[in-house]
Amino acid sequence: MSLSFDLYWSFRSPYSYLVTPRLSELTERHDVACQVRPVYPLAVRTPEFFDTRDPLWTPYLLRDIAREAEFLGLPIRWPRPDPVRRTLEQGYRTEQPHIHRLTHLGVAAAERRLGLPFLREVGHVIWSGEVDDWHLGDHLAGAAERAGLDWRELSASVDADPARYAQIVERNQTDQRAAGHWGVPMMVFNGEPFFGQDRFDQLVWRMRQAGLAERQ
């Protein structure tokens, strides 16, 4: 019996990056499909969240993602540049060319049934620390090609109709909240939300209860 789950994912989320290899392995080895549904990060959706955060929030986040990456055997470094722009005058309430286009590209990749490979390849380019200026040159093109996509066709589609892709992202965000949470990464299986990369094992456990089987 084939199973499927929705994945709500952000290109600015280190935890989204950290869970993606396990999700890829899950779908490669088992009869389960991942419906990729990219969303904008919290800093873009609700920038006011960061206006009153506790000063301990950022130091702990940086410590935790470094620790988790080491535990999982994955390289990590905060992206250069950050996919979300922040200015002294406006904070996160400013023009966001990087994250909007990235998210729309993720939607386009999902429409071509290669959403998860695209997230994995682009996430590695942005978060691994192996690339500076990931937004320049052929870094994204190379990631798209490794995911099995035609970069020229993909990027042209997104650039031709950004409003359509923005509308799909907004729908994803509405459905995400309706499913029970607003954060990423969030997996939804049979109507049950699993928020956070640390809920991967519980997601698989629930899938096994529903008959998760290895691919033949």
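A nonpolar core is a set of buried Ala, Val, Leu, Ile, Met, Phe, Trp, Tyr and Cys residues joined through side-chain atoms within 4.5 Å. The exercises below use this idea and others on a predicted model.

**Exercise 1. The nonpolar cores**

Task: State which residues touch the most other members of the largest nonpolar core, and which helix gives this core its largest share.

Solution. Begin with the core as a whole: the largest nonpolar core has 55 residues, and those that touch the most other members are F5, L7, F11, L23, F118 and M207. Next, ask where the members come from: the largest share of this core, seven residues, is supplied by α5. Then take one of the residues named above and follow its contacts: leaving out residues up to four places away in sequence, F5 touches a list of residues that includes L23, L26, V32, M187, F189 and M207. Finally, note that another core, of six residues, lies apart from the largest one, and that Y8, A179, V184 and M186 are among its members.

**Exercise 2. Helices α1 and α9**

Task: Decide whether α1 and α9 are roughly parallel or roughly antiparallel, and describe the contact between them.

Solution. Two packed helices are described by the angle between their axes and the distance between the axes. Here the axes of α1 (residues 14-29) and α9 (residues 200-209) cross at roughly 20° and come within 11 Å. Angles under 35 degrees count as roughly parallel, and α1 is therefore roughly parallel to α9. The crossing in which α1 passes α9 is right-handed. From α1 the contact uses V19, R22, L23 and L26, while α9 contributes F200, L203, V204 and M207. When these residues are sorted by class, seven are nonpolar, none is polar and one is charged. It is worth returning to the first exercise here, since L23 and M207 were named there among the residues that touch the most other members of the largest core.

**Exercise 3. Helices α5 and α6**

Task: Carry out the analysis for α5 and α6, giving their relative direction and the classes of the residues in contact.

Solution. The angle between α5 (residues 115-127) and α6 (residues 139-146) is about 150°, and their axes are 8 Å apart. Angles over 145 degrees count as roughly antiparallel, so α5 and α6 are roughly antiparallel to each other. In passing α6, α5 makes a right-handed crossing. The residues that make the contact are F118, E121, V122 and V125 on the side of α5, and H139, L140, A143, A144 and R146 on the side of α6. By class, six of them are nonpolar, one is polar and two are charged.

**Exercise 4. Two alanines**

Task: Find out whether A69 and A147 are buried or exposed, and say which residues each of them touches.

Solution. Start with A69, which lies in helix α3 (residues 57-72). Its relative accessible area is 1%, and buried means under 20%, so A69 is buried. Leaving out residues up to four places away in sequence, A69 touches L18, L74 and I76. The C-alpha atoms of A69 and Y15 are separated by 9.2 Å, although the two residues are 54 residues apart along the chain.

Now turn to A147, which is placed in the loop between α6 and α7 (151-160). A147 has a relative accessible area of 7% and is buried. With residues up to four places away in sequence again left out, A147 touches L114, P117, F118 and E121. Two of these residues, F118 and E121, belong to the part of α5 that makes the contact with α6.

**Exercise 5. Unusual backbone geometry**

Task: Identify where cis peptide bonds occur and which residues have a positive phi although they are not glycines.

Solution. Most residues other than glycine have a negative phi, and most peptide bonds are trans. One cis peptide bond joins R80 and P81, with omega about 0°, and P81 is in the loop between α3 and α4 (97-111). Another cis peptide bond joins V184 and P185, with omega about -5°, and P185 is in the loop between α8 (162-179) and β3 (186-189).

For phi, consider R113, which has a positive value of about 65° and sits in the loop between α4 and α5. R113 is exposed, with a relative accessible area of 78%. D133 has a positive phi of about 55° and lies in the loop between α5 and α6. D133 is partly exposed, with a relative accessible area of 38%.

Key:
Residues are numbered from 1 along each chain as its sequence is written. This is a predicted model: local features need pLDDT of at least 70, side-chain atom pairs count only at pLDDT 80 or more; totals for chains, interfaces and linings use all residues. Side-chain values use heavy atoms; hydrogens and water are left out. Axes are lines fitted to C-alpha atoms, for helices over the stretch in contact, and angles run from 0 to 180 degrees between N-to-C directions. Helices (H or I, at least four residues) and strands (E, at least two) are DSSP runs, numbered from the N terminus. Angles under 35 degrees count as roughly parallel, over 145 as roughly antiparallel, 65 to 115 as roughly perpendicular and the rest as oblique. A crossing is left-handed if the near helix is turned anticlockwise from the far one by less than a right angle, and right-handed if clockwise. Contact means heavy atoms within 4.5 Å. Ala, Val, Leu, Ile, Met, Phe, Trp, Tyr, Cys and Pro count as nonpolar, Asp, Glu, Lys and Arg as charged, and the others, Gly among them, as polar. Buried means under 20% relative accessible area, exposed over 50%, partly exposed in between (1.4 Å probe, protein chains only).
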